[in-house]
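Hello,

Here is the structure I promised to pass on to you. Have a look at it first, and then read on for what turned up.

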Amino acid sequence: MSNGQLAADYARAPLLIPGPSLWMRQLVAIFRIEFGKSFFSRRAFACYVLALLPILIFAVAAFEEGDARGGPVFESIENAREIFGYIYSALILGTVVFLGSASIFTTLFRGEILDRSIHYYLLTPVRREVLVTAKYLAGLSCGFVLFGLCTIICFVLLYLPFGMGQLVSDLTSGIATQQLGQYLGITLLACMGYGSVFMATGLLFRNPLIPIVLIAGWETTHFILPPALKIFSIIYHLKGLLPIPMDEGPLAVIVAPPPVWVSIFGMIGLCLLTVTATIFLLKHLEVKYTDE
Amino acid sequence: MAIFLKAYQGYSGPLSPPMSRTLVIFRYALADVFQSRLFVAFFFISLLLPLFLMCAIYVYHNLELLLQFDVTPEDLTTINGTAFTIAMQIPQNSLLFLMVLGIGPTMISPDLRNNAMPLYLSRPINTASYISGKLLVLIFLGSLISWVPGLLLFFLQAYLAGGGWLGDNLQIPVASILTSLSWIICLSLVAFAVSAFVKLKSVARMTFFGIILLLSVTGAVIEDVFGGLGAYVVNLYAGLEVLMTYLYNADSDLLGFVPQMDVGIAVLQFLTFSLLALLVLTWRIRAFQVVA
């Protein structure tokens, strides 16, 4: 090593002093690695398929001249918006984002343990808080980019049978931007809420299927739950934010949706709580690959 | 003996019957399944339902007990195909799904992951024997928690009811056996197909759960948007509902929402799913591996 290089290393040394600057650089570095892994790995293929499914349905609906009942698929723009609300609520939010988040966030830690590579992270001089935050943000970004794009493309496809005139009219009047903004906001909150829970369960349970099935059961039956239990369901808070309220069926226990601020801060609170729990779990993690 | 005569010579002695070779795979796979304490607990909990129904049938025919509960025989519903469907078959379908979800996706993947296929298939065991051996485990366990107790309940009811009840309800045992076996075989083959693609057990379970959930939600959404029968083709549970209602001769109004689909289409749907899964399995289960 030349003297010049040594001098340069000494000059860089202050950057390795623990503090917000170092943590931020570590966070960005881990974020870049994890975002790439979440977005471009073979495991991400399942998320691409999930995100493509609603797009495919909307594309068929847009190009189909009539449905099996004989009439047009979308009778009017209002009817089309209602159908979008229904598909968004049942398919995109209830299934695609749920399963996609389960896939992305569970593999953040459980995937590393199964791949026997978590020790590389644990051996580096990185605070557990930084590691968890970076991984969570990477998963959140990946989920939001994929499912947000899916929402936007589906929303644009909705306008295809009505022509560009309708889209421009709705964009200028603000209806389309407002509704699309709300749907994107709900998608972000859903990724935040489900993601944080699945990241924690990925560390807590050796078999991640158990929490996924339990949470899926809880979320799908939330409509028959009494009001006191409904508040513990993520989907209840998210559906309260939908621009067009959905009919939950004849068996549903009718309850007023929670105020918007309760839903938003509830999701942020849940996210902070579960990320903190994940940090706690990671600090006490003892990896035994032979047990996996 | 000359040295050249000591070269490899294939075994030319008598072979055991093909079925007994299949049963070897069955025996070892069954032993593997019962190593999981969680599954043993689940298996015994599953048997509580027929036990409870047995007590209910006994009470139903015990006038003294009924009078103690201030119930007259006129207040009670008739025990027929609809009652068997609601009380026995529908809960059993869910139990069967959970059973296949728990053990199905993990049966093939360890053999593929650990390169055990050449070891299996270099013996006088072909792909069909291998798949049958694994499938028999699920059929055996599934039968024990579905149609076997169903038949016991049926004969108990026939014995206690007396008269012409047995002759009037002969469709019930046939329906119980056919519905349960169709559901077990179809789900198991799909689970095996997933297992043959996804090497990690936990990921395979998640993928199988995701596929079934996604297919049913997508089917419901397509039905609501486009109408027609096309939507039910992807929804396996819709096919099962149709088959069950037809075989049990059950009242579809009492069962709730049953798709207006021809039973032939439902059968075809099961056959198509099973055949596709079998094709995937025969493609993946090979005695050699192509190494890139």
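Let's begin where the two chains meet: chain B and chain A bury about 2,200 Å² between them, and 81% of that lies on carbon and sulfur atoms. Please keep in mind that this is a predicted model. On the chain B side, Met206(B), Val225(B) and Phe226(B) lose the most area to chain A, and together they make up 30% of what that side buries. The contact draws on 29 residues from chain A and 21 residues from chain B.

Which helix gives the largest share of the side of chain B that touches chain A? That is helix α12 of chain B (residues 201-226), with 16 residues. Sorted by class, this side of chain B has 13 nonpolar, five polar and three charged residues.

You may wonder how many salt bridges there are between chain B and chain A. The count is zero. Residue pairs in polar contact across this interface also come to zero, where both residues need pLDDT 80 or more.

Now for another part of chain B, helix α5 (residues 81-103). With 23 residues, α5 of chain B reaches 30 Å from its first C-alpha to its last, close to the 33 Å expected at 1.5 Å a residue. Look along α5(B) and you will find a bend of about 30 degrees at Gln89(B), with a proline, Pro91(B), following within four residues. At the N-terminal end, α5(B) is capped by Asn80(B), which has a side-chain oxygen 3.2 Å from the backbone nitrogen of Thr82(B).

Enjoy exploring it!

Best wishes

Conventions. Residues are numbered from 1 along each chain as its sequence is written. Chains are lettered from A and ligands numbered from 1 in the order in which they are written. This is a predicted model: local features need pLDDT of at least 70, side-chain atom pairs count only at pLDDT 80 or more; totals for chains, interfaces and linings use all residues. Side-chain values use heavy atoms; hydrogens and water are left out. Contact means heavy atoms within 4.5 Å. Buried area is the accessible area (1.4 Å probe) that two parts lose on being put together, summed over both. A salt bridge is a side-chain nitrogen of Lys or Arg within 4 Å of a carboxyl oxygen of Asp or Glu. A polar contact is a pair of N or O atoms within 3.5 Å; within protein, one must be able to donate a hydrogen and the other to accept it, and residues adjacent in sequence count only if both atoms are side-chain atoms. Helices (H or I, at least four residues) and strands (E, at least two) are DSSP runs, numbered from the N terminus. Ala, Val, Leu, Ile, Met, Phe, Trp, Tyr, Cys and Pro count as nonpolar, Asp, Glu, Lys and Arg as charged, and the others, Gly among them, as polar. The expected span of a helix is 1.5 Å times one less than its number of residues. The bend at a residue is the angle between axes fitted to the seven residues ending there and the seven starting there.
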